Amino acid sequence: MARLLRSATWELFPWRGYCSQKAKGELCRDFVEALKAVVGGSHVSTAAVVREQHGRDESVHRCEPPDAVVWPQNVEQVSRLAALCYRQGVPIIPFGTGTGLEGGVCAVQGGVCVNLTHMDRILELNQEDFSVVVEPGVTRKALNAHLRDSGLWFPTQARTPLSVAWRPPGRRGPTRSATAPCGTTCSTWRWCCPTGGCCTRRAEAGISAWYSPCVSLGRRKSAAGYNLTGLFVGSEGTLGLITATTLRLHPAPEATVAATCAFPSVQAAVDSTVHILQAAVPVARIEFLDEVMMDACNRYSKLNCLVAPTLFLEFHGSQQALEEQLQRTEEIVQQNGASDFSWAKEAEERSRLWTARHNAWYAALATRPGCKGYSTDVCVPISRLPEIVVQTKEDLNASGLTGSIVGHVGDGNFHCILLVNPDDAEELGRVKAFAEQLGRRALALHGTCTGEHGIGMGKRQLLQEEVGAVGVETMRQLKAVLDPQGLMNPGKVL
């Protein structure tokens, strides 16, 4: 089967590109002028410093600058840019805020980086339908500020003020934002294809796709046809450009309480997570930080928390419901040896605690100035979480690497944040070996090598091990049909 798919793929997908004909960084003057004619001269840059800013994210992958950066202002310009690049065989790299962790914005074949952050309008708020239509440059913070007086909110919170430009929201676990791929937080989307066409998808999640202008592909709840939503959500910019997303909103809770509790061991903390979930306590968020990360957060965010494995939790509901949830949670964690159980009801104190959690990545980087961070991203069934987290902590302690563990443990997802000197090939090799070993351990426990960050450039081998040769070749064939010249964010995923 894999052989048949591979044959079909290569017939459809010659992988041509302008880079086979000219070196990176050498877009002809006429082509650059054509870009300026589409978006205006002030919205095109070929300056080296600008290109380098757009050729890297926060991963350890080395900078791969595009040949030009453009800032479209509307969907028509995105469509015209895509068609122009495709006619000339120029790669297209979507760009949001550059906070990815898998090299997703690296222009490995050069090309044009399409920065969508200038498309930052909130197009339509439908309060009765609990939805809002936004352009890709809208950040989570800006959206919630707009919603402040509506009684609704977008309850995903990430470590940075990301936009929807890179991916629609959702796959960043309990703390996420409007840029991570989404599971159920978007309801419609519009997607521009490299040929310049657009289409609209209405389903559980949304973006803007290609080939036929404004073709309806379904409704908010639909069993019609293939699940194109899932396909585009997971494409990491390799199938098209997001130009609009409809996000699902939620009523603002009557009351909110944040809580923290410290544990004598990693095992006790993660066991408590499983027990809380099994007891059906309706916890809104539950995050784990090991003692190394807690120490880093104390220093970076000026906290005074106990340096021990810690859970951060959040509860939503009525005052009476919150009291019951807190009481039940405190009983569970105390059975696992928890201490220093405390909660924060005031918005300012809750914000201070969660800001510290959201800044954990930067807190970790601050412990080893000048180094880069490498974040693993495995996710396992919740019943296997204690096993893999405890084993990973033991491996990390024995490895000699500098790192910590943090996780959205409510859904079985956690990260090892490893600090590495990118110029030290030996250390970088050990970090990558550690990450691959962890990925394979997660697969052995019926989990995934990536719960949030995606495949990007660094997990392609693990993708093959996770979905198999037939699965990868099926993806290649789908890519070949949607992007025949292989110009959308080449070198990623496949």
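This is a conversation about how to read salt bridges, cores and a pocket in a predicted model.

Biologist: Before we start, what should I keep in mind about this model?

Modeller: It's a predicted model, where local features need pLDDT of at least 70, side-chain atom pairs count only at pLDDT 80 or more, and totals for chains, interfaces and linings use all residues. Residues are numbered from 1 along each chain as its sequence is written, and side-chain values use heavy atoms, with hydrogens and water left out.

Biologist: How many helices and strands are there in the chain?

Modeller: Helices (H or I, at least four residues) and strands (E, at least two) are DSSP runs, numbered from the N terminus. Here the chain has 14 helices and 19 strands.

Biologist: And what share of the residues is buried?

Modeller: Buried means under 20% relative accessible area, exposed means over 50%, and partly exposed is in between (1.4 Å probe, protein chains only). Of the 494 residues in the chain, 57% are buried. As for contacts (heavy atoms within 4.5 Å), take those between residues at least 6 apart in sequence: 68% of them join residues at least 24 apart.

Biologist: Salt bridges next. How many does the structure hold?

Modeller: The rule is a side-chain nitrogen of Lys or Arg within 4 Å of a carboxyl oxygen of Asp or Glu. By that rule the structure holds 19. Look at E102 and K459, whose closest N and O atoms are 2.3 Å apart. E102 sits in the loop between strand 3 (92–95) and strand 4 (112–115), and K459 in the loop between helix 13 (425–444) and helix 14, so this pair ties together parts that are 357 residues apart in sequence.

Biologist: Are E102 and K459 buried or exposed?

Modeller: E102 is buried, at 3% relative accessible area, and K459 counts as buried too, at 4%.

Biologist: Which salt bridge could I look at inside a helix?

Modeller: Try D295 and R299, whose side chains meet in a salt bridge at 3.0 Å, N to O. Both lie in helix 8 (residues 291–301), four residues apart, about one turn of the helix. D295 is partly exposed at 26% relative accessibility, while R299 is exposed at 59%. Another one joins R352 to E349, with the closest N and O atoms 3.0 Å apart. Those two are three residues apart in helix 10 (residues 347–358), about one helical turn. R352 is partly exposed at 38%, and E349 is partly exposed at 28%.

Biologist: Which residues are linked in a network of salt bridges?

Modeller: D290, E291 and K393 are linked that way.

Biologist: How do I read a nonpolar core?

Modeller: In soluble globular proteins, nonpolar side chains tend to be buried together. The working rule is a set of buried Ala, Val, Leu, Ile, Met, Phe, Trp, Tyr and Cys residues joined through side-chain atoms within 4.5 Å. The largest one in this model has 46 residues, and L313 and I388 have the most contacts inside it. Elements giving two or more residues to this core include strand 13 (255–262), helix 7 (266–278), strand 15 (310–317) and helix 12 (385–399). Helix 13 gives the largest share, six residues.

Biologist: What does I388 touch?

Modeller: Not counting residues up to four places away in sequence, I388 touches V378, V380, F414, L438, R441, A442 and L445. Apart from the largest core lies another, of 23 residues, among them F31, V44, V112 and M119.

Biologist: Where does T260 lie?

Modeller: T260 is in strand 13 and is buried, with 7% relative accessible area. Leaving aside neighbours within four places in sequence, T260 is in contact with T310, L311, F312, D340, F341, S342 and L353.

Biologist: Last topic, pockets. What's the general idea?

Modeller: Rolling a probe the size of a water molecule over the atoms shows where empty space is left. On a 1 Å grid over the protein atoms alone, using a 1.4 Å probe, a pocket is an open set of points with protein on both sides within 12 Å along at least five of seven lines; lining residues have an atom within 4 Å of a point. Grid points are joined across faces, edges and corners, and the volume is the space filled by probe spheres set on the points.

Biologist: What volume does the second largest pocket have, and what lines it?

Modeller: Its volume is about 390 Å³. Of the 21 lining residues, G234, S235, L463, M475 and V493 are the closest to its centre. Helix 6 (228–233) and helix 14 (460–482) each supply at least two residues of the lining, and helix 14 gives the largest share, six residues. The lining divides into ten nonpolar, seven polar and four charged residues. In that split, Ala, Val, Leu, Ile, Met, Phe, Trp, Tyr, Cys and Pro count as nonpolar, Asp, Glu, Lys and Arg as charged, and the others, Gly among them, as polar.
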